[in-house]
Amino acid sequence: MSWLMDDGVISKIGVYGSGGVGKTMLLKEIHNELLECFKTSRRSYWISVSHGNILPMLQDKIVEAMDLTYLLTEKDAIRKATYLCYELKQRNNIVLLMDDVWEYFH
């Protein structure tokens, strides 16, 4: 937890393994502890990706989790990605927990 709380120490953590070993439960515990530490949900976001999701659907899930509803109406994929990137950079030191990821996304 201290690695996640310290600025710039960790940028990405992967939790992988066979189904049923407790990966989701571990992420939920981390998410709940972060919510307590931050005292707000504005810095820790939970997204369930699921098998077969394409990039625009993943972007929409992140937009919804971060309550950036104005981006849901944006039809241009490049513009939406640009705005989402801007919003992510504006919110310093966030933790984005993505569960059930089946493939690599750029």
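Is D60 buried, partly exposed or exposed? Here is a short walk through the places worth finding as you turn the structure, starting with that one. Please keep in mind that this is a predicted model.

1. **D60, in a helix.** To settle the opening question, D60 is partly exposed, because its relative accessible area is 23% and the buried class is kept for values under 20%. You will find D60 in helix α3, which covers residues 55–65. Setting aside neighbours within four places in sequence, D60 is in contact with L72 and K80. For a sense of distance, the C-alpha atoms of D60 and T73 are separated by 10.0 Å, with these positions 13 residues apart along the chain.

2. **D67, in a loop.** Moving along the chain, look for D67 in the loop between α3 and α4. Its phi is positive, at about 60 degrees, although D67 is not a glycine. D67 counts as exposed because its relative accessible area is 51%, and exposed means over 50%.

3. **E87, a buried acid.** E87 belongs to helix α4, residues 77–90. This residue is buried yet has no salt bridge. The nearest side chain of opposite charge is that of R91, 4.2 Å away, whereas a salt bridge calls for a side-chain nitrogen of Lys or Arg within 4 Å of a carboxyl oxygen. What E87 does have is a polar contact of 2.7 Å between its side chain and that of Y70. Apart from residues up to four places away in sequence, E87 touches L68 and Y70.

4. **L97, in strand β2.** Next, turn to strand β2, where L97 lies. L97 is buried because its relative accessibility is 8%, and buried means under 20%. Beyond its neighbours within four places in sequence, L97 is in contact with L27, I30, H31, S44, Y45, W46 and I47. One of these, S44, is 53 residues away from L97 in sequence, while the two C-alpha atoms are 7.5 Å apart in space.

5. **D99, also in strand β2.** The strand covers residues 95–99, and D99 is found in it. D99 is buried and has no salt bridge; K28, the nearest side chain of opposite charge, is 6.5 Å away. A polar contact of 3.0 Å links the side chain of D99 with the side chain of T24. Leaving out neighbours within four places in sequence, the contacts of D99 are T24, L27, W46, I47, S48, V49 and S50. If you have just looked at L97, you may recognise L27, W46 and I47, which are among the contacts of both residues.

6. **D100, after the strand.** D100 is found in the segment after β2. Its phi is near 65 degrees, a positive value in a residue other than glycine. D100 counts as partly exposed because its relative accessibility is 34%.

7. **V15 and a nonpolar patch.** Finally, go back to the loop between α1 (2–5) and α2 (23–38), where V15 has its place. V15 is partly exposed because its relative accessible area is 37%. Together with I13 and L26, V15 makes a nonpolar surface patch of about 250 Å².

Terms used. Residues numbered from 1 in each chain as written. Predicted model: local features only at pLDDT ≥ 70, side-chain atom pairs only at ≥ 80, totals over all residues. Heavy atoms only, no water. Helix = DSSP H or I, 4+ residues; strand = E, 2+ residues; numbered from the N terminus. Buried < 20%, exposed > 50% of the residue type's maximum accessible area, 1.4 Å probe, protein only. Lys, Arg positive; Asp, Glu negative; His and termini not counted. Polar contact = N/O pair within 3.5 Å; in protein donor to acceptor, adjacent residues only side chain to side chain. Contact = heavy atoms within 4.5 Å. Patch = residues over 30% accessible without salt bridge, like charges linked within 9 Å, V, L, I, M, F, W, Y side chains within 5 Å. Areas by Shrake-Rupley, 256 points an atom, 1.4 Å probe, with all protein chains shown as cover.
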